[in-house]
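Work through the exercises below with the structure open beside you. Try each task before reading its solution.

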Amino acid sequence: MDLLTTSVATVESGSEPYTLVELVGEADVTNSDALREVLDAEVAKQPRSLVIDLSGLRFMDSSALHVILRANRAMDRQGGVVALAGPRDPVAKMLRLTAADQLIPVYRSVSEASAG
Amino acid sequence: MARSSAHFPDPPSRSVPLPSPTSDAMYHTYRSDLSQVRALVLKQAKEAGLAEGRANDLVLAVSEVAANTLRHTQSSGTLAIWHDEDEVVCEIHDEGTIADPLVGRLRPAPDANGGHGLWIVRQVCDLVELTSDASGTTVRMHMSLRAPGPRG
């Protein structure tokens with residue numbers, strides 16, 4: 001079983017569809033290249049908003065964080081937004097310690113993120 | 001890697017060896033499987049009596065240091081973990097060299113393209129000792145078992 005699985009969906013919600021990337025498992029230096037490829041591919045489609053569901057993530061290290069920050073910069077340049085949803089305690093703490101939560105909005109759930 | 005502070009002598013902590021791990025320390029060698037390293041640290045930390053939140057902090061710290069082994073060396077790293085009534089200690093040793101003794105002491109910008117790892121380690125651990133020379137790098141991370149509760 002893979003340490004990290006990713007799934008991507010386009011969600012039709014209200015006026016504007018958004019891209020939802022769901023991460024399940026453990027995101028670390030051993031799979032950050034694969035994560036980068038997934039996020040790069042979605043960013044390249046220029047969605048208006050990209051929601052990353054972290055609720056299935058047991059662990060995230062700074063390599064994975066850098067990949068997410070990189071996607072955020074790219075989205076920002078093309079006028080889109082990134083939101084993070086549902087981090088468990090250890091992941092939420094990591095986002096706080098690095099002040100990444102000052103750069104990317106963090107919501108309790110995907111439904112909150114898509115409404116926000 | 002060039003030294004960034006060539007005019008200054010090494011701080012004492014870089015030349016004085018750390019005291020040896022206790023005789024009942026558990027050792028684990030890793031090259032690519034950090035998930036196994038994290039599972040081992042979590043299990044040992046909880047068995048030693050570290051609260052859940054702080055055990056997760058230690059797991060994050062050890063994983064960040066072990067990730068540097070994968071990034072910066074071609075060889076395996078070694079985890080040692082032990083505890084007494086006062087603290088749980090995890091030590092990572094690998095063949096890498098850290099030239100900057102201040103690494104991780106200054107907060108990187110949130111969108112910096114690296115450098116968060118050792119910053120995180122220093123934030124979540126009660127004490128971090130780092131020695132590095134031509135023979136390799138040793139990072140020792142301490143978590144007190146007497147702290148009043150989870151921080152932050």
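The exercises that follow deal with a predicted model.

**Exercise 1. Chain A as a whole**

Find how many helices and strands chain A has, and the order in which they come.

Solution.
- Step 1: count the elements. Chain A holds 5 helices and 5 strands.
- Step 2: read along the sequence. The pattern is β-β-α-β-α-β-α-α-β-α.
- Step 3: look at the overall size. The radius of gyration of chain A is 13 Å, close to the 13 Å that the globule rule gives for 116 residues, so chain A is as compact as a globular protein of that length.
- Step 4: take the extents. The C-alpha trace of chain A spans about 35 × 25 × 25 Å along its principal axes.
- Step 5: check burial and contacts. In chain A, 47% of the 116 residues count as buried. Of the contacts in chain A with a separation of 6 or more, 69% come from residues 24 or more positions apart.

**Exercise 2. Two helices of chain A**

Decide how α1(A) and α2(A) lie relative to each other: roughly parallel or roughly antiparallel?

Solution.
- Step 1: recall what to look for. Two packed helices are described by the angle between their axes and the distance between the axes.
- Step 2: get both values. Helix α1 (residues 32-44) and helix α2 (residues 62-77) of chain A have axes that come within 9 Å and cross at roughly 15 degrees.
- Step 3: apply the cut-off. Angles under 35 degrees count as roughly parallel. Therefore α1(A) and α2(A) are roughly parallel to each other.
- Step 4: add the hand. The crossing of α1(A) with α2(A) is right-handed.
- Step 5: list the residues that meet. From α1(A) come A:S32, A:L35, A:R36, A:L39 and A:V43; from α2(A) come A:S63, A:A64, A:V67, A:A71, A:A74 and A:M75.
- Step 6: sort them by class. This contact of α1(A) with α2(A) has 8 nonpolar, 2 polar and 1 charged residues.

**Exercise 3. Buried or exposed?**

Place A:M75 and A:D89: is each one buried or exposed?

Solution.
- Step 1: locate A:M75. A:M75 sits in helix α2 of chain A.
- Step 2: count its neighbours. A:M75 has 22 C-beta neighbours inside 10 Å and therefore counts as buried.
- Step 3: name what A:M75 touches. Leaving out residues up to four places away in sequence, these are A:V43, A:L50, A:G80, A:V81 and A:V82.
- Step 4: compare sequence with space for one pair. A:M75 and A:I104 are 29 residues apart in sequence and 11 Å apart in space, C-alpha to C-alpha.
- Step 5: turn to A:D89. A:D89 lies in helix α3 (residues 89-97) of chain A. A:D89 has 11 other C-beta atoms within 10 Å, so A:D89 is exposed.
- Step 6: take a pair for A:D89 too. A:D89 and A:R58 are 31 residues apart in sequence, and their C-alpha atoms are 9.2 Å apart.

**Exercise 4. Positive phi**

Describe the phi angle and the surroundings of A:Q46 and A:A99.

Solution.
- Step 1: recall the background. Most residues other than glycine have a negative phi.
- Step 2: read A:Q46. Its phi is near 55 degrees, a positive value. A:Q46 is in the loop between α1 and β3 (49-60) of chain A. With 13 C-beta neighbours inside 10 Å, A:Q46 counts as partly exposed.
- Step 3: read A:A99. Its phi is positive, about 65 degrees. A:A99 is in the loop between α3 and α4 (100-103) of chain A. A:A99 has 14 C-beta neighbours inside 10 Å and counts as partly exposed.

**Exercise 5. Chain B and its contact with chain A**

Work out which elements of chain B touch chain A.

Solution.
- Step 1: list the elements of chain B. Chain B has 3 helices and 5 strands, in the pattern β-α-α-β-β-α-β-β.
- Step 2: count the residues in contact. Chain B gives 21 residues, which contact 23 residues of chain A.
- Step 3: assign them. α1 (34-48), α2 (52-72) and α3 (116-124) of chain B each give two or more residues to this side. The largest share, 8 residues, comes from α2(B).
- Step 4: sort by class. The side of chain B that touches chain A has 6 nonpolar, 11 polar and 4 charged residues.

Key. Residues are numbered from 1 along each chain as its sequence is written. Chains are lettered from A and ligands numbered from 1 in the order in which they are written. This is a predicted model: local features need pLDDT of at least 70, side-chain atom pairs count only at pLDDT 80 or more; totals for chains, interfaces and linings use all residues. Axes are lines fitted to C-alpha atoms, for helices over the stretch in contact, and angles run from 0 to 180 degrees between N-to-C directions. Helices (H or I, at least four residues) and strands (E, at least two) are DSSP runs, numbered from the N terminus. Angles under 35 degrees count as roughly parallel, over 145 as roughly antiparallel, 65 to 115 as roughly perpendicular and the rest as oblique. A crossing is left-handed if the near helix is turned anticlockwise from the far one by less than a right angle, and right-handed if clockwise. Two residues are in contact if their C-beta atoms, placed from the backbone, lie within 7 Å. Ala, Val, Leu, Ile, Met, Phe, Trp, Tyr, Cys and Pro count as nonpolar, Asp, Glu, Lys and Arg as charged, and the others, Gly among them, as polar. The radius of gyration is taken over C-alpha atoms; the globule rule is 2.2 Å times the number of residues to the power 0.38. A residue is buried if 20 or more other C-beta atoms lie within 10 Å of its own, exposed if 12 or fewer, and partly exposed in between; C-beta atoms are placed from the backbone.
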